[in-house]
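Me: Hello! I am new to this structure and would like to learn how to read its cavities, pockets and surface patches. Could we go through them together?

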Amino acid sequence: MTTHRAETAETAKQGGAPELIKAVPVRHPGRWVAAAVILILVALAVQSLATNPRFGWGTVAAYILDVNVFRGVGWTLLLTVLSMVLAIILAVILSFMRESDNPILRWSSWFWVWFFRGTPVYTQLLFWGLVTVLYPSISLGIPFGPELLNVVLSDPSKGFVPAVLGLGLNESAYLAEIFRAGLKSVDKGQIEAAEALGMRGTKIMWRIVLPQAMRVIVPPTGNETIGMLKTTSLVLAVPFTLDLTFVTNALANRTYQPIPLLIVAAFWYLLVTSILMVGQHYIEKYYGKGVDNLVAAAVNPAAAKAAAAGLGPAAETMPGGPTVAGETVEESGR
C-alpha cells in the first residue's frame, strides 16, 4: 500500500493523472437474506389475500363507499377535532398552572393529570354517559341555604357532547405533560435575556418560548392526535352510535359478514391516519428548520459548508475530495 501511494504521488508530481484506487465494496449477505425472507412473506400474504374467499372482497367493494360509512367517517373526524381542541386548550392551561409559583394551582394541575391519566378512558366515557343519571339536575344557591336556580340536565346531542368531554378531558392530561416538557426544553437564559430587554411575559411566551417549544411539542401531539382518531372507537360506552366503528359493526350484524366490514373500517382509519401523518410531517419540518440544519451540519460538515457557500453537491466532486472542498469554502468564507 505504501509503495502504491508513493507511485501515485510520484505520478502526480510528474503531471500525469493519478491511478484510481481499486476499492472492493463490503459485502452484506445478511441483508440479502433478510430481504429475501421479507419478499417471500409478502408474496405469501398477497396470495392469501387474493385467494381466500372468506375475506369477502365483493362485500368490501360494496360497502367501502356506503353513505352510512361516509357519515361515520365524518362523525369520527368531528369527534377527533373537537376533542383535540378541548384537550389542547386545557393542556396549555394545566402546563402553565404546573409551572406556577402558586402551590394551589400547581397541585391542582398535578391532581388533574394524576386522576385522568390513572383511570381508563373507557371508564371515563361510561361516567360521562351516565352523568345525567348521577346528577338529574344541578342546583345553584347558598350552601345549606335557599336554592336560587335549578337546571335539569339532559343530552339532546344523543351522546356526542359526553363523548367529546370524555375524550378531551382524558387527552388533556397527556398533552399537559407534553406541553410542560416542551416549555422546559427552552433555555431559561433566553427568557432572562428577553426580560432584560424589557419584554413582557406574554410577549416572551409567544415570541421566544413557544416557537422553540413547538419543536418538542409537535411530534408527540401529532401522535396523540392519531391515537385520538382510533380512541373514538370506544365512544360506544357513552353510548354514541354514529361513529365509524359502530356503523361498520351495525352493517356487519345486518349482513352476517364481520370480516369484510372490519376491513372497510380499517381502510378508512388507515386512510385518515395517513393524511394526518403527512400533515404532521410538514408541521414538524416547519418548526424544526433550524435544528434540522444543525443536525445536517454535524453529520456532514463539508457538505453543509459547501451548501452555505452556494457550491451545492458539486463541491464534493472537486479534486481532492470533501476535505479540499471544505478548505476552499472556509477560505472563501473569510
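Reply: Happily! Keep in mind that this is a predicted model. Let us begin with the largest cavity, whose lining is made of Val73, Thr76, Leu77, Leu229, Leu244, Trp268, Tyr269 and Val272. Two elements, α4 and α12, each give two or more residues to that lining.

Me: What is the volume of the largest cavity, and how do its lining residues divide into nonpolar, polar and charged?

Reply: Its volume is about 40 Å³. Seven of the lining residues are nonpolar and one is polar, with no charged residue among them. When the whole structure is searched for cavities of 30 Å³ or more, one is found.

Me: Now for the pockets. How much space lies in the largest pocket, and which residues are closest to its centre?

Reply: A pocket is open, whereas a cavity is a space that the probe cannot get out of. Here the largest pocket holds about 560 Å³ of space. It is lined by 21 residues, and those closest to the centre are Ile88, Phe179, Met214, Ile217 and Thr221.

Me: Which elements supply at least two residues each to that lining, and which gives the largest share?

Reply: Four helices do so: α4 (67-98), α8 (160-184), α10 (201-231) and α12 (258-287). The largest share comes from α10, with 10 residues. By residue type, the lining of the largest pocket has 15 nonpolar and six polar residues, and no charged ones.

Me: How should I read the second largest pocket?

Reply: Take the same steps again. The second largest pocket has about 430 Å³ of space. Its lining includes Phe96, Glu99, Lys184, Lys188, Glu195 and Met205. Two or more lining residues come from each of α8, α9 (188-196) and α10, and α10 gives the most, with four. This lining does hold charged residues: four of them, beside seven nonpolar and one polar.

Me: And on the surface, which residues form the nonpolar patch?

Reply: The patch consists of Phe127, Leu134, Tyr135, Ile138, Leu140, Ile142, Leu148, Leu149 and Val151, which together have about 870 Å² of accessible area. Strands β1 (137-141) and β2 (147-152) each give two or more residues to it, and β2 gives the most, with three.

Me: Where is Phe127 found, and why does it count as partly exposed?

Reply: Phe127 is in helix α6, residues 121-129. Partly exposed covers the range between under 20% (buried) and over 50% (exposed), so Phe127, at 40% relative accessibility, counts as partly exposed.

Notes:
Residues numbered from 1 in each chain as written. Predicted model: local features only at pLDDT ≥ 70, side-chain atom pairs only at ≥ 80, totals over all residues. Heavy atoms only, no water. 1 Å grid on protein atoms, 1.4 Å probe; cavity = no way out; pocket = protein on both sides within 12 Å on 5 of 7 lines; lining within 4 Å. Points joined across faces, edges and corners; volume = space filled by probe spheres on them. Nonpolar A, V, L, I, M, F, W, Y, C, P; charged D, E, K, R; others polar. Patch = residues over 30% accessible without salt bridge, like charges linked within 9 Å, V, L, I, M, F, W, Y side chains within 5 Å. Areas by Shrake-Rupley, 256 points an atom, 1.4 Å probe, with all protein chains shown as cover. Salt bridge = Lys/Arg side-chain N within 4 Å of Asp/Glu carboxyl O. Buried < 20%, exposed > 50% of the residue type's maximum accessible area, 1.4 Å probe, protein only.
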